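Work through the exercises below with the sequence and the coordinates at hand. Each task is followed by a solution in steps.

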There are 2 protein chains.
Amino acid sequence: MKFELTKEFLEQLQAQIQNQKSTDIFQLLSELHAADLADILQNLETDDAKYVHDLLPEEVTAEALMEMDDEARESLLKLFSPEEIAEQINILDTDDAADLLGELSEEDKDEVIAKIEDPEHAADVEELLKFDEDTAGGLMQTEYIQASIDWPVNRCVVELRKQAEDVQKVYTVYVVNEADELVGYLSLKRLLFAAPNTLIKDLYQHKNFKFVKTYDSSEDVAGMMEKYDLVSIPVVDRQNKLVGRITIDDVVDVIMEEAEKDFQLASGISENVEPSSNVFKSTRSRLPWILIGLAGGVLSSQIIKVYEYEIEINPALAFFIPLIVATAGNIGVQSSAIVVQGLASKDFQFGSIVKQIGKEAMVGIVVGVICSLIIFGFNFMIGGDMNLGLTLGISLFIVVVMAAVLGAWIPLVLDKLKIDPALATGPFITTSNDILGLTIYFIVAYFVYSA
Amino acid sequence: MKFELTKEFLEQLQAQIQNQKSTDIFQLLSELHAADLADILQNLETDDAKYVHDLLPEEVTAEALMEMDDEARESLLKLFSPEEIAEQINILDTDDAADLLGELSEEDKDEVIAKIEDPEHAADVEELLKFDEDTAGGLMQTEYIQASIDWPVNRCVVELRKQAEDVQKVYTVYVVNEADELVGYLSLKRLLFAAPNTLIKDLYQHKNFKFVKTYDSSEDVAGMMEKYDLVSIPVVDRQNKLVGRITIDDVVDVIMEEAEKDFQLASGISENVEPSSNVFKSTRSRLPWILIGLAGGVLSSQIIKVYEYEIEINPALAFFIPLIVATAGNIGVQSSAIVVQGLASKDFQFGSIVKQIGKEAMVGIVVGVICSLIIFGFNFMIGGDMNLGLTLGISLFIVVVMAAVLGAWIPLVLDKLKIDPALATGPFITTSNDILGLTIYFIVAYFVYSA
């Protein structure tokens, strides 16, 4: 029952496509889960994927389309006529339908919307398109189940049966009052075991009931569902009217994308790239930070130039430039990573920022002492001169402490300025710490050697 | 209905604790969600948290305990007697109970287990303790709902009502045959709308039915639930007998911890630290990579030393050491980040590894040409000598291309060796690229200047 895409499977399929064995292909693929089909489609040439797609029932292919990588879907969709896209949208849940429509150009959107069969579905999808994709409104679907607080259980079951036709996965019934305002929820479990004439009023749950507003950010929605262990959450508009629901599978995607984005930012990649992205996009996403790093390197060269005379007399000073900049960078990246993660999990609620910087300074002092002693000892051991040992020991200590503090402080400042603090880890910290480290190193050298 | 923990709220609570106003505290906190209570408890002094804890009903505090940070929970639990811990375990779901027990010392475990009131619950929890915490067995709970394939719907509802008392959240009924083997599932929705005398045999679902084995890794479980958009998944033993289920909330925690761990590894932090970790633990988690970086720095110094003579004649060569090492590091980190993410999302299934390294080389060539021209131009502009410009331009190009390839290649090798490739990003790549970059730089310098 576990499907695993193998090279052999793909080769078999490719041969069948080559020979247009449509019945064989149908048999091979029609029972698969949409997510597995998506895997297969994005590993085929686009033309082949379209051929396979057209052979299979739309209920499966529409969902498979939504499970594909953005770039693979984009190229496949280029082979679709507006009618074909409209058919897919007609089948998809409103949230996926809106996402799919959102990927089209403005003209294509109009043409496709005009061709959607079910006018109510089309209207719902168009309504969802108005929301920013990074908000609860952008995540929600209009497929949900609602019950009126005045109904008895037996009427509720009858009404729900009608509604449930459109809703794939039902976990919870949302309860509304006469004014259509959301007042609570009812778990299917509770409904299943209730006596038929019980009133919803006496059965529904509202203690610690959680919902979100259409304009809440998707990060907030994810945080809330994660914190309260929810599998779905209702969405209300500004008048507290129920307008949609968000299910946990979409939020898991948000959480994973967010983590991926942070990881990329911290690695100096400025837009979402995947291994499948082309060379141009890949270069574009990487060049900004490389150029900033280059500028930092040029600035560093000018700082060192000031101490040209010292280097001429003591070339050994130059030997340890990489050691100083690397250590400054490493310590800074560590500090900022801890603070960035703390910010993400809201660990600094109550003025513990000052405490955190104090602690980073403490860690910096401990690590600094250890590094200084090691390098001083190393220099002594290889018979380096005393001045060099002192310069290395003293500057390394100062650099480590300052880099630790700066590394903690920069993301906190960025966060205050409403800039994503994940920017701080990686190249930004390394570049600024390089410059800081070199400056300290050569100032210390100047004083030690002239003492 | 949205609770937000504020400074004022905390201060009010602290004053009430000071004055032992137990009724006020009960009123303030007893209606809160366990997750919010956990937030409050971990922001109080441990003694105060214990005081508050003892005032509140166990149903809430037991769950709140499990929602706290590991370290805050650990210190709070030190104030608990074995009887008190056994009471909490008696209330908790088996998966949480096993996690809690797992945190105790071996002696404490025995003492606590002996004091658990419900012997069946105790046996279930002890059974779960046998599984590795990073496997499906370690994640699962024994609270689930099962139906026999031979039952009619009405009998099923009666039986489920009995079972459901112990199960907080019910999404799906698992269907077993006479031999207790798992054969499929039944959604509550389907059960709710079915005629009373329908047989489960004719109603249950098994197409694309997903389950996991107790020994599957938690990463595989998370990948599966994410891929197939599941809210719960059943767990079977080696004989295909149903033994537990895993719910999505626990898997969301796995996903987030995994992302956090990758981010920390990539930032050179070798064990899980939180901002609240103490200075000792924080230092210990950071020192390994700092020392490796230091060793790299020492090695770099010996490489540069070989070229002491060149630097004495041309001190300007030393100016650009930081530029070379920084660029090599930045490019390498970017390449490895893309590959690490690709590996995590299984993008390199079909021999596309060679392709990926080829693409990184292409990106390296483009970025390398741009960087080389800029730096050559800069040197020309500020009137630097031609040899320096040539050295910089040529070596920067080679360094960028090689760093890009190495950055992509190292995580692929680590992955083949079954080492977490996230190790590759961050300090490991930076350190090796520093050494590579310097070597190339000075070799090029040697040839250019002696030409």
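Copies are superposed by least squares on the C-alpha atoms of residues with pLDDT of at least 70 in both. This is a predicted model, in which local features need pLDDT of at least 70 and side-chain atom pairs count only at pLDDT 80 or more, while totals for chains, interfaces and linings use all residues. Residues are numbered from 1 along each chain as its sequence is written, chains are lettered from A and ligands numbered from 1 in the order in which they are written, and side-chain values use heavy atoms, with hydrogens and water left out.

**Exercise 1. Determine the turn and shift that lay chain B on chain A.**

Step 1. A turn of 180° with a shift of 0.0 Å along the axis superposes chain B on chain A at an RMSD of 0.1 Å.
Step 2. The two copies are thus related as by a two-fold rotation axis.
Step 3. Take contact as heavy atoms within 4.5 Å. Of the interface residues of chain B, 100% are also interface residues in chain A, so the copies meet through the same surface.

**Exercise 2. Describe the interface between chain B and chain A by residues and buried area.**

Step 1. Chain B brings 124 residues to the contact and chain A brings 125 residues.
Step 2. Buried area is the accessible area (1.4 Å probe) that two parts lose on being put together, summed over both. For chain B and chain A it is about 11000 Å², with 67% from carbon and sulfur atoms.
Step 3. Of the area that chain B buries against chain A, 7% comes from B:F263, B:R286 and B:F319, more than from any other three residues.

**Exercise 3. Count the salt bridges between chain B and chain A, and give one of them.**

Step 1. The criterion is a side-chain nitrogen of Lys or Arg within 4 Å of a carboxyl oxygen of Asp or Glu.
Step 2. Between the two chains this gives eight salt bridges. One of them joins B:R286 and A:E360, at 2.8 Å from N to O.
Step 3. Helices are DSSP runs (H or I, at least four residues), as are strands (E, at least two), numbered from the N terminus. Helix 16 (residues 279–306) of chain B gives the most to the side that touches chain A, with 17 residues.

**Exercise 4. Locate the partners of the salt bridges A:R73 to A:E103 and B:D420 to B:K261, and classify their accessibility.**

Step 1. The structure holds 36 salt bridges over all chains. A:R73 and A:E103 form one, at 2.6 Å from N to O. The pair links distant parts of the chain, 30 residues apart: A:R73 is in helix 6 (residues 70–77) of chain A, and A:E103 is in the loop between helix 8 (94–102) and helix 9 (106–114) of chain A.
Step 2. Buried means under 20% relative accessible area, exposed over 50%, and partly exposed in between (1.4 Å probe, protein chains only). A:R73 has 3% and is buried, whereas A:E103 has 39% and is partly exposed.
Step 3. In B:D420 and B:K261 the closest N and O atoms are 4.0 Å apart. B:D420 lies in the loop between helix 21 (386–416) and helix 22 (424–450) of chain B and B:K261 in helix 15 (residues 248–266) of chain B, so the bridge ties together parts 159 residues apart in sequence.
Step 4. Both partners are partly exposed: B:D420 has 28% and B:K261 has 41%.
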